[in-house]
Amino acid sequence: MTAAGCSHLECTATGERHESEELQTVSRAGAPLYARYDLAALRGRFTPSAVAARPPDLWRYREVLPVRGRPISLGEGMTPLVEAPRLASSLGLDIDLRIKDEGQNPTGSFKARGLAVAVSRAVELGARAVALPSAGNAAGAAAAYAAAAGIPAHVAMPRDTPPPIVDECRALGADVTLVDGLITDCARVVQEGARREGWFDLSTLREPYRVEGKKTMGYELVEQLGQLPDVVVYPTGGGTGLVGMWKAFAELEELGWIGPARPRMIVVQAEGCAPMVRAWREDRERAEPWQDARTSAAGLRVPRAIGDFLILRAVRESGGTAVAVSDAAMVAATALVGRTTGVYASLEGAATAAALPELASLGAVRPGDRVVLFSTGSGLTNVGPAAAGSPSTSA
Ligand SMILES: *Cc1c(COP(=O)(O)O)cnc(C)c1O
C-alpha cells in the first residue's frame with residue numbers, strides 16, 4: 001500500500017511550495033496553505049472498493065490525509081446521509097433531498113473532523129500544547145482531541161461565553177481563559193501564548209490541516225451517493241468545510257472517482273452576519289469585514305474569513321450562489337426539520353433548510369435536483385447567546 005501523508009504544502013494565493021514535515025501556520029504570503037498528495041500514484045489503487053471495508057470513520061481516507069502515524073481518534077466522520085422526503089414535500093419542492101447529519105460527530109459538531117486531523121498532525125510534528133480562540137464548537141472539539149492526545153489545550157473565550165461551553169471545555173481538561181472582550185481579543189491571547197509558551201495555534205485556516213479533516217465530507221458524499229449531488233447547501237462561517245469539499249472534488253477527479261461535473265455550492269449565512277453574501281452580490285473576489293455581527297448561530301458569527309477568496313471562487317466556479325436567512329427563520333426551520341426528518345439540527349444546520357424556498361425561487365435549486373443540506377451540529381449545541389450576542393471572528 002502507498003504510504004500515507006502529503007508531499008508538500010502549497011500557498012493558496014501564490015502557489016509557492018512549503019515544507020510539510022515541520023509545523024506550519026500560514027504561507028509566506030499570509031494565505032492559507034493546502035496539503036498536496038501524489039494523486040497520480042494513488043489513482044487505481046485508492047478506490048471506493050478499496051475503502052469500502054474499512055472502519056466507518058474519516059481515517060478510511062488516510063491515503064489523502066496528512067497524518068503518517070497512528071491518528072488520534074474519537075470516531076469522527078462517516079456520518080449518516082438521511083433522506084428527507086417529507087421535508088421536501090412540506091416545502092412544496094419536488095427534489096431528492098438529504099441531510100448530512102454532522103451532529104453525530106464527537107462533541108456534537110463537524111468541528112471534530114478538522115480538529116481530529118489537525119491535532120493528530122500537530123502532535124506528530126512535535127507540538128506539545130495547542131491553543132484556540134473560540135466561542136463555540138471548535139473549543140470543545142480542540143479540548144477533546146488534545147485530551148485524547150494527552151497534551152494541554154489552551155482555550156481563550158469571551159467572558160460572556162455560555163456556561164455549558166465553558167463547562168464542556170473544562171470537563172475535557174482544557175485550560176480556559178475568559179477574556180473581557182471579543183473573540184478578536186481572545187485571538188491576541190492565543191497569539192501571545194504561542195509566542196511566549198510555544199502553543200500551536202489551531203485557528204481556522206491558519207494551520208493547513210483542519211481543512212483536510214473537513215474535506216472528508218466530500219469523499220463521504222461520493223461514497224454514500226455513488227456520485228456527487230447536484231446541489232450542496234452549506235452554512236458558512238469561516239468556510240473551511242465548503243472550501244475543503246471543493247478541494248476534495250478536485251482530488252476525487254484526479255483519483256478517477258468522479259468526472260468533471262460539480263455540485264452547485266451554495267453559501268448560507270445569517271442576515272446579521274453575511275459578509276460572503278454581500279461580496280457575492282457585489283461580484284467581489286474578497287469580502288469586506290462585517291461590522292456589528294449579530295446572530296444566535298455562533299458558527300455563522302464570523303465577520304472576517306481568511307479564506308474568503310477561496311469560498312467565493314468555489315461558489316463562482318460551481319455555478320452556485322449565496323443567500324442569507326434570519327435567526328427567526330432558523331428557529332422555525334429547526335422545528336420543521338425535526339418533525340419531518342427526526343434530525344435535531346443546530347441553528348446553523350437548520351439555516352440550510354430555511355434557505356430552500358428562496359433558492360428554489362432563484363432557480364438555484366430545480367425540480368428533480370439531488371440536494372444535500374449540511375446539518376453541521378446537533379441542536380444540543382444551541383447554547384449560544386441571544387441574537388444580540390457579541391461578534392466573533394472564529395467559531
Ligand atoms: C463552525 C461551524 C459552522 C461554520 O463552519 P465553517 O466550515 O467554518 O464555515 C457551521 N455550523 C456549525 C455548527 C459550526 O460549529
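Here is a short chat about a predicted model, its ligand and some of its buried parts.

Colleague: What should I know before I start?
Modeller: The model is predicted, so local features need pLDDT of at least 70 and side-chain atom pairs count only at pLDDT 80 or more, while totals for chains, interfaces and linings use all residues. Residues are numbered from 1 along each chain as its sequence is written, and side-chain values use heavy atoms, with hydrogens and water left out.

Colleague: Is helix α11 enclosed or not, and why?
Modeller: Helices are DSSP runs of H or I with at least four residues, strands are E runs of at least two, and both are numbered from the N terminus. Buried means under 20% relative accessible area, exposed over 50%, and partly exposed in between (1.4 Å probe, protein chains only). In α11 (residues 308-318), eight of the eleven residues are buried, so this helix is largely enclosed by the rest of the structure.

Colleague: What covers the buried residues of α11?
Modeller: Those buried residues include Phe 309, Leu 312 and Val 315. Their cover includes β3 (33-36), α9 (240-255), β11 (264-270), α10 (275-281) and β12 (321-325).

Colleague: Which residue follows α11, and what is its phi?
Modeller: Look just past the end of the helix. The phi there is positive, and the residue is Gly 319, with a value near 75°.

Colleague: Which side chain makes a polar contact with the side chain of Lys 215?
Modeller: Lys 215 sits in helix α8 (residues 210-225) and is buried, with a relative accessible area of 0%. A polar contact is a pair of N or O atoms within 3.5 Å; within protein, one must be able to donate a hydrogen and the other to accept it, and residues adjacent in sequence count only if both atoms are side-chain atoms. At 2.7 Å, the partner is Glu 212.

Colleague: How far is a polar side-chain atom of Tyr 234 from an oxygen atom of the ligand?
Modeller: Tyr 234 is among the closest of the 18 residues that surround the ligand, where being near takes a heavy atom within 4 Å. From its polar side-chain atom to the ligand oxygen, the distance is 2.5 Å.

Colleague: How much of the ligand's accessible area does the protein cover?
Modeller: Accessible areas come from the Shrake-Rupley method with a 1.4 Å probe, and for residues only the protein chains shown count as cover. On its own, the ligand has 380 Å² of accessible area, and the share the protein covers is 98%.

Notes. Contact = heavy atoms within 4.5 Å.
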